[in-house]
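Please look through the structure shown here together with the explanation that follows it. The paragraphs begin at a single residue, move outward to the meeting of two chains, and end with the sheets of a third.

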Amino acid sequence: MTVLEDLAPPPKVEVKPRGVSRRERWQLRLPLLPALIYTVVVTQIPFLVTLWYSFQSYFWNTPAPASFNGLANYKTVFTNPAFRGSLVRSVVMTVVAVIVAMILGVLFAVLLDRKFLGRSVVRTLMITPFLVMPAAAALVWAGPMLDPQFGLLNYLLQPFGVHHVAWLSTHALGSVILVMIWQWTPFMMLIVLAGLQSQPSDTLEAAKVDGAGPFATFRELTFPHLRPYIELGILLGSIYLVNVFDAVRLMTNGGPGTATTNLPFYLFQQVNNAFDIGGAAATGVVTVILTIIVATFALRMFARVFQFEEA
Amino acid sequence: MTAVPVRDHEPAALRLRRMSGQVGWGILAWVVGLAFFLPVLWMVITAFKPESAAQTWPPKFVFSPTLAQFRLVFSGWGPFVTHSLIATTVSTVLVLLLGVPAAYALSVHPVPHWRDGLFFFISTKMLPIVAAIGPLYVIALKTHLLDSIWVLIILYTAMNLPLAIWLIRSFMLEVPREMLEAAELDGAGRIREIGEVILPVISPGLVSTALICVIFAWNELFLALNLTVTNAATMPMFLISSVPQEGLYLAHLSAAATVASVPVILVGWIAQRSLVRGLSMGAIK
Amino acid sequence: MANVKFVSATRVYAKDAPPAVDALDLDIKDGEFMVLVGPSGSGKTTALRMLAGLEPLDGGRVEIGEKDVTFVPPKDRDIAMVFQNYALYPSKTVAENMGFALKMQGVPKEERARRVHEAARLLDLDDTMLDRKPKALSGGQRQRVAMGRAIVREPRVFLMDEPLSNLDAKLRVQTRSQIAELQRRLGITTVYVTHDQVEAMTMGHRVAVLAGGHLQQCDTPRQLYDNPVNQFVAGFIGSPAMNLQTVPLTEGGARLAGTTLPLPTAVRTAASQAGLREIVLGIRPEHLHLANGSGPVAGEVMLVEELGADALLHVRLAEDHNLVVARTEGRKPPAPGQQVTFNVQPDDVFAFHPETGARLAG
């Protein structure tokens, strides 16, 4: 008969509490750090320096060193009509260009959504304006296209009674906006086209069976579906378009007078023509604050728009 | 070719309407496409003209083409194109080196507050670089980086990094969960995971990210204009230099514009499909 | 309420490819529940879409209510369709989804609301759901909304494209009977597409079996089961499937498991007229009756699948080693490895042409 011996109790196992250890947390963070540190250094340091200089009187073309002048620069910014003018012009240019580019983008996307002979070629042709170097686009429009004596546009518009218009003199702002629209419509079109092509086809068929004609289908189904795409396009387009510089500098150089001077160009002038580092810095800070205000709304919209990819 | 097929017993009126509708649509699309492309076409045509043929009224469509303008362009573009190539490729490589780990830390194994991290990066894109151009000039001067290719490389990297992080992140999020879990079960550590599982899967995505960065860096004018003179002048600067103060040189500037734009146009044509994704920062697949 | 006719309806996709639907002739009576069933690629969905007007016809015509509608656009055919993935309008509420077609017809708001409510009640959709959007609904709820959208129209014909395939098994069984009941109540001609032969058998007044774009047989479920016109129908209808084996012909019958199963004279005549040495023999699992060692067909049990009320025996037959499935009482089935024998009634034996698959002397 076997006797059951008293077995020693099993050794106690230390159960580590669940949770992320310090080492693991750093392991998570480490990959992010290089990009983060780099971005902070390269973007925030200039901004801090800008902030510092905004309280200085520092003119680039004189030997005198920077001297503190308090809020004088800021006062100048707010009283200077040139700044306000450039701000208004920036808003006008951006709003008009974004809206027209989006409307055209929607129309062209609808056009490209249906099959026809050579569709991919047409699509390639249509995105080319966006790919042209903005500086090149500006020069080509300013010269061969819009030249009052030799420009192509005047030639094409002749049957409509247009005679040798000096576009960059008499319709300067319109010309610049035209080039902005020409370059950015493909961007809007591609985004809206992605939206159109992501519509499930059976929903469109159901609408056909339910008796909806093409306009009703677009109004009731397609447009609500496109809304997040349109919003994304307007948002991103505005971010890019508000910073447009090349066309202004190379087509009209901000003129005639200040007719096409937007914010980026105004800042450029302050640095390069007025050599006014202090003033440019203060203008820069005000611009950034305005941008932050607008961007806060934009970022909230961004978050909402980016949710739709999860839906 | 989408042939307009013949249907049995189709009433003639219906068939006519259907076929004309389809053909009409195609014609409209072609007209719009060509109209939009016209300035580009005109640019290329003008580039082959001698100046005398470029400055005529009415504008000439028929002329005897010459390569004289291009020869001029190619004789002068040497340093500019070199600088553009260096600035573009080095900054893009840096963007990928910094961006891939960052995107990883914001997607596959997200750090706490990853949302804030993402929005920080995108906020730097929203703040206009133009605002800091004065002080940037001063900083560049004081660090002896003014008119050096490095100032462009540094700034282009910072310019493209947020975009790249959002984009690469969107690609990483598409890697199937099961693949990562299988790798984990097989004992893959973090580095292995990135190198052997994630990178191969997202490599097409990395290519499109790189292409988008190349497009933006190559075309960039504002920083190049303000922070370089001769030693680091890029292609956009070359373009400006091809427009002298006096006189009209339409053919020459067209040739310069064509040469400057062709690389990006080709890149964009080839990478068409990924263009939308890149431009929307990964929001639209 | 109308009858539906496919007259030599044909649809070809690629120029040299075989037609997706090949000269389909089908007569569907007014108020009938007709099921189109077949494996994937059989053309059943294409035929439905041709009836809906979503696919053009490359030959033949389609009639609704004795009128040729081949070139009539979908919205003018007075039909309603339930799509496989429901195709609900994501930006609209349930009520708006259901009322959409009426809105397109210009029906005033109150009338729309009334009909939507009526349909909702019919389908057990309560009022709280009416203001929700599709993405807030479960699969079963979405399916009912899709049905409601069709019912509200009070069309002449209902078209349903595999409406149950995205539901889980239990919900499928439940909804199956609800749909059949609904159709009985409303009496609207219904064309229903499915790949599931159980659905076909339980729901349809008549079932049309399609394969490779061709109509194989159109009959009542009972007829399809008892009198399949060819090997495909015989093997497709009935679960578990009919046992089909190629066996040699002998004097007086066919040789199976080392024994000769008698075949009716008509079959033997047809076989010899066609010059056949072998035939495809078909016996349904439930027609292989377990005999206690005395049956002519012998074999060894390889596997037993116990289903509760029944058991399915996978048996390797003696001599020719054909594998067959037999159904028996669930209570005390034989064990794997056991030797068993079966009885077969001569009337339960089907014979098919080994090349054409046609039933010999049906």
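**A buried residue and its surroundings**

Ala135(A) is buried, because 30 other C-beta atoms lie within 10 Å, and a residue counts as buried when 20 or more other C-beta atoms lie within that distance of its own. The model in which this is seen is a predicted one. Ala135(A) belongs to helix α6 of chain A, which covers residues 134–145. Which residues surround Ala135(A), once its neighbours within four places in sequence are left aside? Ala135(A) is then in contact with Asp246(A) and Leu250(A) of its own chain, and with Leu221(B), Pro236(B), Leu239(B) and Ile240(B) of chain B. A link across the sequence can also be read from the C-alpha atoms of Ala135(A) and Phe245(A), which are separated by 9.0 Å although the two residues are 110 residues apart along the chain.

**Where chains A and B meet**

The contacts of Ala135(A) with residues of chain B lead on to the interface as a whole, in which 81 residues of chain B are in contact with 76 residues of chain A. On the side of chain B that touches chain A, the largest share comes from helix α1 of chain B (residues 12–47), which supplies 16 residues. Sorted by class, this side of chain B has 59 nonpolar residues, 20 polar residues and 2 charged residues.

One pair of helices from the two chains can be followed in detail. Helix α2 of chain A (residues 32–54) and helix α7 of chain B (residues 149–172) have axes that come within 10 Å of each other and cross at roughly 130 degrees. Such an angle makes α2(A) oblique to α7(B), and the crossing in which α2(A) passes α7(B) is left-handed. From α2(A), the residues Ala35(A), Tyr38(A), Thr39(A), Val42(A) and Thr43(A) take part, and they meet Ile154(B), Ala158(B), Leu161(B) and Ile165(B) in α7(B). The residues of this contact comprise 7 nonpolar and 2 polar ones, with no charged residue among them.

**Two open sheets in chain C**

In chain C, an open sheet of 5 strands has the order β13-β12-β11-β14-β20, with antiparallel pairing. The edges of this sheet are held by β13 (259–262) and β20 (349–352) of chain C, each of which has a single partner strand, so one side of each is left without a neighbour in the sheet. Direction ignored, neighbouring strands here are turned by 45 degrees against each other on average. Within the sheet, strand β11 (residues 243–250) and strand β12 (residues 253–256) of chain C run antiparallel and are joined by 2 bridges, and Leu249(C) stands opposite Ala254(C) in β12(C).

Another open sheet of 5 strands in chain C follows the order β15-β19-β16-β17-β18, again with antiparallel pairing. What stands at its edges? These places belong to β15 (289–291) and β18 (323–329) of chain C, and since each has a single partner strand, one side of each is left without a neighbour in the sheet. From one strand to the next, the twist averages 50 degrees.

This sheet can be read strand by strand, starting at β15(C), which is joined by 3 bridges to the antiparallel strand β19 of chain C (residues 339–343); here Ala291(C) stands opposite Thr341(C) in β19(C). On going further, β19(C) pairs in the antiparallel sense with strand β16 of chain C (residues 297–306) over 4 bridges, and Gly299(C) stands opposite Val340(C) in β19(C).

Strand β16(C) is also joined by 7 bridges to strand β17 of chain C (residues 310–317), and these two run antiparallel. Leu303(C) has His314(C) in β17(C) as its bridge partner, while Glu306(C) stands opposite Ala311(C) in β17(C). Together β16(C) and β17(C) form a hairpin with 3 residues between them, and in its turn Gly308(C) has a positive phi of about 105 degrees.

The pairing of β17(C) with β18(C), antiparallel over 7 bridges, completes the walk through this sheet. Leu312(C) finds its bridge partner in β18(C), namely Arg327(C). These two strands likewise form a hairpin, with 5 residues between the strands, in which Glu319(C) takes a positive phi near 70 degrees.

Key. Residues numbered from 1 in each chain as written. Chains lettered and ligands numbered in written order. Predicted model: local features only at pLDDT ≥ 70, side-chain atom pairs only at ≥ 80, totals over all residues. Contact = placed C-beta atoms within 7 Å. Nonpolar A, V, L, I, M, F, W, Y, C, P; charged D, E, K, R; others polar. Pairing = 2+ DSSP bridges. Axes fitted to C-alpha atoms, helices over the stretch in contact; angles between N-to-C directions. Parallel < 35°, antiparallel > 145°, perpendicular 65-115°, else oblique. Left-handed = near helix turned anticlockwise from the far one by under 90°. Buried ≥ 20, exposed ≤ 12 C-beta atoms within 10 Å, placed from the backbone.
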